[in-house]
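Visitor: Please take a close look at the salt bridges of this model, and follow them into the elements that surround them and across to the partner chain. A connected account would suit me better than a list.

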Amino acid sequence: MFDVKHIAKLARLGLSAQELAKIQKELSSIFDFFKELEQVDVSDVKPTSHAYFLENIVREDVAKKQLPKTVAQLVKSAPETKNRYVKVKPIL
Amino acid sequence: MNLTTLTITQTHQGLKDKKFSALELANAYLDKIKQSDKDIFAYLHVTEKLAIEQAKKIDDLIFKNEKLPLLAGIPCAIKDNILIKGEQSTAGSKILENYIAPYDAGVIKKLNKQGSVFLGKTNLDEFAMGSSTENSAFGPTKNPCDLERVPGGSSGGSAAAVAADECAFALGSDTGGSVRLPASFCGVVGLKPSYGAVSRNGLIAFASSLDQIGPITKTVEDAKIVFNAIRGRDEMDSTSVEINPASAKTTAWQSKIQNLRIGVPKEYFVKGINPEVEKTIRSAIKQYEKMGAKIKEISLPHTKYALAVYYIISPSEASANLARFDGIKYGYSESKNQDNLLDVYLQTRGKGFGKEVRRRIMLGIYALSAGYYDAYYLKAQKVRTRIIEDFNKAFQDIDVIMAPVSPTTAFKLGEKVDDPITMYLSDIFTISVNLAGLPALSLPCGKVDNLPVGLQLIGNVFEEEKILDIARELEYRV
């Protein structure tokens, strides 16, 4: 069946070996249940991504100025900050 | 006078006639919460300071004899995945335990315009993923009708708060039945509006093509009042649309019930439904027949595939929506305990998300992953089209569909937590409606062993007013 370790990595979920084994079992039975979809003939059927048709809705690409208070609050929400910046681990 | 048992209309009249003040009203509800919520745990967070502040403002308006909107001073409860600026918004998750909302959701802006009073934020299954409220990271809500049973989910806190008179009305969100199922289990009214009828801005996203915010209330009239207050286009949600306002006055549907064509889908009365629940639903439909409606058995042949379609599409969308919780921008973080970025992601998400959310993210990522996309996600999207076609065809010959909300009444706490598929089956009669974007309402229509049963009225797209008016005709008789 599928490689749960790989899926967990794609999902960015740090899971214990024990949980991976459990999820493997649970997902297997859930995907078995999905097999019933094989019975449905969908040739010539268009996929639906939204319940009703909407044209793309666009707006001008302009930044809205926010109050310094709002900016400060957003920065404050971040777990690690420096001055007015959100701190991230080095990636190189 | 017991203020906490009044409907919205009665409360509004009382405020206008100065029988009580908005502050007295807010305090009556806050006292009720203090007294009964220890046992029920509908609220994650009571916003007492905010409520009192808002109530005093309304009393000023009353003092100045200014015109009061219908929801002015009316105390309400908000599901904790809907943002109220400056207040905690956890979505029932540890990953947002200390998160303070930086802005108001679209629906909150609309309620603020009317002057509603916010009593607090209600419990839910983590990120609205669940059917019992047992998946909340902060503990389950109990059903006020029987404390050993679940209130349904995911908006279990909102439905329980309304049923226990801990608020005059509440807002929930419905992705696969999360307003209707708890409304049915707790014996209150719940409306899931058509997709696009209500702005999703400021609703913490679960599955964006299915999510809708809806009212949970004590009466159908109240549901209509709240729906009219929150519906409409919002520039912050490009999928929201303006629909014709539902008329404030209730049309005399009595005469229209004469010729009303009610469709009863045979696929909704199958093995596994509690026979007493079926009897209660059928006798409710019979009441409409007595009022002159024509009952017609219909078929929605793709119903049996809806559950599989839903459990592919909703986790797929969720896995993308929940990618934003990374331990960097806000919320729970393992940043201080880890040395490299990947470990920050892995540990934050592994520890911050609960079991069901982790399971659904895994499910969604797998369904979307290379090599499986066509077999699962694309296939599900195509079967979704088939489900929509079923409804379109049915609505050519009928005006409204009636069915149960759930195959059973409220089940016991702990009864289904270890078996995901059995738990997923609780939503079997509600999810097709989300896949098709239709409006549907849960109306209390009787009891089985003292537990409420909800009749589901499903309308064609944007026909909220019609199903509300039809529901009212039965409400008078139950």
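Guide: E48(B) is partly exposed, with a relative accessible area of 31%, and in this predicted model its side chain forms a salt bridge with K34(B), the closest N and O atoms lying 3.6 Å apart. The two partners come from distant parts of the chain, for K34(B) belongs to helix α2 (residues 22-40) of chain B and E48(B) to helix α3 (residues 48-63) of chain B, 14 residues apart. K34(B), at a relative accessible area of 49%, is likewise classed as partly exposed, because that class ends at 50%, over which a residue would count as exposed.

A second pair in chain B joins D165(B) and K218(B), whose side chains meet at 2.9 Å, N to O. D165(B) sits in the loop between α5 (156-163) and β4 (169-174) of chain B, and K218(B) in the loop between β6 (212-217) and α7 of chain B, so this salt bridge ties together parts that are 53 residues apart in sequence. D165(B) has a relative accessibility of 18% and therefore counts as buried, since the cut-off for that class is under 20%. Elsewhere, salt bridges that share partners join K22(A), E26(A), E356(B), R359(B) and R360(B) into one network. In the structure as a whole, a search over all chains finds 28 salt bridges.

The loops that hold D165(B) and K218(B) lead towards β4 and α7 of chain B, and both elements deserve a look. Three bridges join β4(B) to β2(B), and the two strands run parallel; within this pairing, L171(B) of β4(B) is the bridge partner of I78(B). Strand β2 (residues 75-79) of chain B is mostly covered, five of its five residues being buried. P75(B), A77(B) and K79(B) point one way from the strand, while C76(B) and I78(B) point the other way, and all of them are buried. β2(B) also pairs in the parallel sense with strand β3 (residues 117-122) of chain B, over five bridges, and there K79(B) stands opposite T122(B). Between β2(B) and β3(B) the chain passes through helix α4 (residues 106-114) of chain B, in a β-α-β crossover that is right-handed.

On the way from β2 to α4 of chain B lies a loop that holds K94(B), a residue that counts as partly exposed at 37% relative accessibility. Leaving aside neighbours within four places in sequence, K94(B) is in contact with A137(B), F138(B), Y332(B), K351(B) and G352(B). For one of these partners, Y332(B), the separation from K94(B) is 238 residues in sequence but 7.0 Å in space, C-alpha to C-alpha.

As for α7(B), nine of its 11 residues are buried, so that the helix is mostly covered. Among the buried residues are V220(B), I225(B) and F227(B), along with the charged D222(B) and K224(B). Just after the helix, G232(B) takes a positive phi of about 115°.

The loop between α7 (220-230) and α8 (253-257) of chain B brings us to the other chain. There E235(B) forms a salt bridge with K64(A), with the closest N and O atoms 3.8 Å apart, and the pair crosses between chains to the loop between α2 (17-34) and α3 (68-77) of chain A. E235(B) counts as exposed at 63% relative accessibility, and so does K64(A) at 61%. R358(B) forms a salt bridge with E19(A), where the closest N and O atoms are 2.7 Å apart. Between chain A and chain B the count is three salt bridges.

The contact that frames these pairs takes 50 residues from chain A and 64 residues from chain B. Chain A and chain B bury about 5,100 Å² between them, 69% of it on carbon and sulfur atoms. On the side of chain A, L37(A), Y52(A) and K89(A) lose the most area to chain B, together 12% of what that side buries. As to confidence, chain A averages a pLDDT of 90, and 99% of the residues score at least 70; within chain A, confidence is lowest in α3(A), at a mean of 91, and highest in helix α1 (residues 4-10), at 95.

Key: Residues are numbered from 1 along each chain as its sequence is written. Chains are lettered from A and ligands numbered from 1 in the order in which they are written. This is a predicted model: local features need pLDDT of at least 70, side-chain atom pairs count only at pLDDT 80 or more; totals for chains, interfaces and linings use all residues. Side-chain values use heavy atoms; hydrogens and water are left out. A salt bridge is a side-chain nitrogen of Lys or Arg within 4 Å of a carboxyl oxygen of Asp or Glu. Helices (H or I, at least four residues) and strands (E, at least two) are DSSP runs, numbered from the N terminus. Buried means under 20% relative accessible area, exposed over 50%, partly exposed in between (1.4 Å probe, protein chains only). Two strands pair if DSSP finds at least two bridges between them. A crossover is right-handed if, with the strands pointing away from the viewer, the path from the first strand over the helix to the second runs clockwise. pLDDT is the predictor's confidence in each residue, from 0 to 100. Contact means heavy atoms within 4.5 Å. Buried area is the accessible area (1.4 Å probe) that two parts lose on being put together, summed over both.
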